[in-house]
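I opened my notebook to write down what I looked up in this structure. The entries follow in the order of looking.

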Amino acid sequence: MVQPQMVSVLPLFSALEDLTQLHKFYVLLPHQLRLMRQVGKLTIEDVLNYETGEQVSAYIFFKKPLDEITEHRSELQKAIQGYREPLYVCYYCKQLIRIRGGNFNSGKSKKDSFHFAHLKDSAACHIKTNHVYTREEVDRIKYNGAKESALHIHLKEQIAAYLNKNRLFKKGVSSVEIEKVVKSKLIEKEWRKPDINASFQDKRVAIELQLSTTWLSVITGRQHFYQEEGSYIPWVFHKFSLDDDVRKLTYNDVIFTNHHNAYVFDEECSRKSDLENDLVLKCYYKKYYRQGLEIMDTWEMTYVTLSDLTFDTVSYKVYFHDAKKEKREVELAVARERNRRALLEREQENEAEKRRAAQARILEQRKAEEKRRIAAHTELKENLSKLTQQLHGLQQEKDSAERKAQRLQERVENRMQILTNLIAFADKTYDLITGKSRSNPFHRNFEYGHYEMVNTLRAEFLETGKELEASFARAFVEKGYWLKKQADLPTLGQITIAGVSYQILPEVDQYFQLIRPHYARVKYIPKSAVGTLFEGAELRSVLSETNLLEVFTKSSLFLLVEHGQDVLTFSDKVEACQRSISRIDEMQVELKIQLQDRIKQTFEAEIADSKLEKSNIEISSEALDGEISVLQAEVVSLKSVLDDLRGSF
Ligand SMILES: [Zn+2]
């Protein structure tokens, strides 16, 4: 909205009709314009479009393309010459306005020199007479001026006509008054009255038509005035921009003081009014709604008649849709939603906190459980290890018992074997003790302490044994001696005398000694008598040893011993020796039997001991078996428990 400021520099230029000196300022940008205004300004800044009621600002208008400006200039010229209705007029004197300038020779931009100007022979105007108006006066002049435009008058009459139709069709309107416009070139001292005054259902309704948005600040100021008068005053626009950016600067003041409702009367409304026989307006209103936590708004439009509107008896506002109330409700809804969300969030946080706490508890329980399980596992493992060691120990014990039993069994068997061959074993023992043999029959049984047994036996049997052995040896040597002697004896001749066989004793000393004790058995015969008839008679006996000696040396005699009488050998000596040997032999046998008995006694005792020991071992081994199987079962069950535990980690 261009709201020109009347500043004190204006009088300096007001006398100048031709403002070519200031051309250079016309094309400046808005911020430069502001700067410029501090220096100087155009004589005619705004003119009234008499056709539409709109204000035309020189600063904006002369920025239009050259052809548009030229076209307008031509139209203005036609109006001046009376070929058409007035177009642009001076707000103050209402005289026609023309466009001047267009000096293309200065080397500057073509539009530089354009400006609005009065006609040369125009009547007096305040701009020319250096009159200074107050802001309120300028506003009033411009506002009233706009109401004189053709469009304004046309629309005003149309609206009044439709209100009259309403009245005729008895739709609530009881009277319609239209404000007459008296064209005047004088400065109007008062604000014009509302365009149309009507009575609607005993309410005073003043309709104000607004073609330009220039005067909205004026409108808001005047609204108050009407309220005090007890009139409802719906402001009616000719067009309405839904573009918020444009509208913000223009309609908002009015709209927002009217429950966000804006009324528009345009061609479409006119057509609808014809059909309805009533005044039909477009009502634009803000619709508020909630989107999440945001308050959103959108414009909506509907066609309304006076009957559709709400007349607020307190504020004197007229509205179709109470957007203010709706906004408050939406704000409340947003607040409720915000609360609800905050509450929900708090609840969710509480829930989450509870869940976290529960999870922490579960975690802790799990940890404790884990700890317990590990402890149990460790303890079980230790127990298992102990049990396994125990089991191992028992098994070793059992193995050792079995080995011992085995050894005892072997010993028993060995002893039995010895007892079976007791005679041979005793012989060997005898030979060992007497030193006849170095072969020790106890050799394989050292571990049983048989040195002692050997020593005992030796102590008991050695002397006797040795003696027997020595006697045996002596007897044997003697026997040998005599056998040798016998073998050394010369061979005996044989002779038969008188049918009896005799052995002839040779004249050898050996035989003399041999025969001497047996002289009585010796006979003799003269060699000459042998083979004679007398030989039997000649045979004589030796009478004494002396006789034997006598006859032994006589070579004429044969000394004879009857054949079969063993006196010519050492056989008796040999026999004696042999008897001695036999006796010793018997004594040895006797000794060996004693030895056998001793060995038998010892070994039988040993066997009995071993058997008893073995049986005891077997009994304890069985007990061990029982213990082991119990332990094994325990180990198996512990292992399975351990496996279960391990599986649960
Ligand atoms: Zn004027």
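What order do the 3 strands of the open sheet have, and is the pairing parallel or antiparallel? I found the order 2-1-3 with antiparallel pairing. The model is predicted, so I noted that local features need pLDDT of at least 70, side-chain atom pairs count only at pLDDT 80 or more, and totals for chains, interfaces and linings use all residues. Residues are numbered from 1 along each chain as its sequence is written.

Strands here are DSSP runs (E, at least two residues; helices are H or I, at least four), numbered from the N terminus. Two strands pair if DSSP finds at least two bridges between them. Strand 2 (55-57) and strand 3 (88-89) are the edges, each pairing on one side only. Strand 1 (residues 46-49) joins strand 2 over 3 antiparallel bridges. I looked up Val-47 and found its bridge partner in strand 2, Val-56.

Next I looked at helix 13 (residues 422-433). Phe-425, Ala-426, Thr-429, Tyr-430 and Ile-433 are buried there (20 or more other C-beta atoms within 10 Å of a residue's own, against 12 or fewer for exposed and partly exposed in between, with C-beta atoms placed from the backbone). These residues cover an arc of only 140 degrees around the axis, which puts them on the same side of helix 13; the arc is that of the directions from the helix axis to the C-beta atoms. Ile-423 and Ala-424, on the other side of helix 13, are exposed. Just after helix 13, I noted a positive phi of about 80 degrees at Gly-435.
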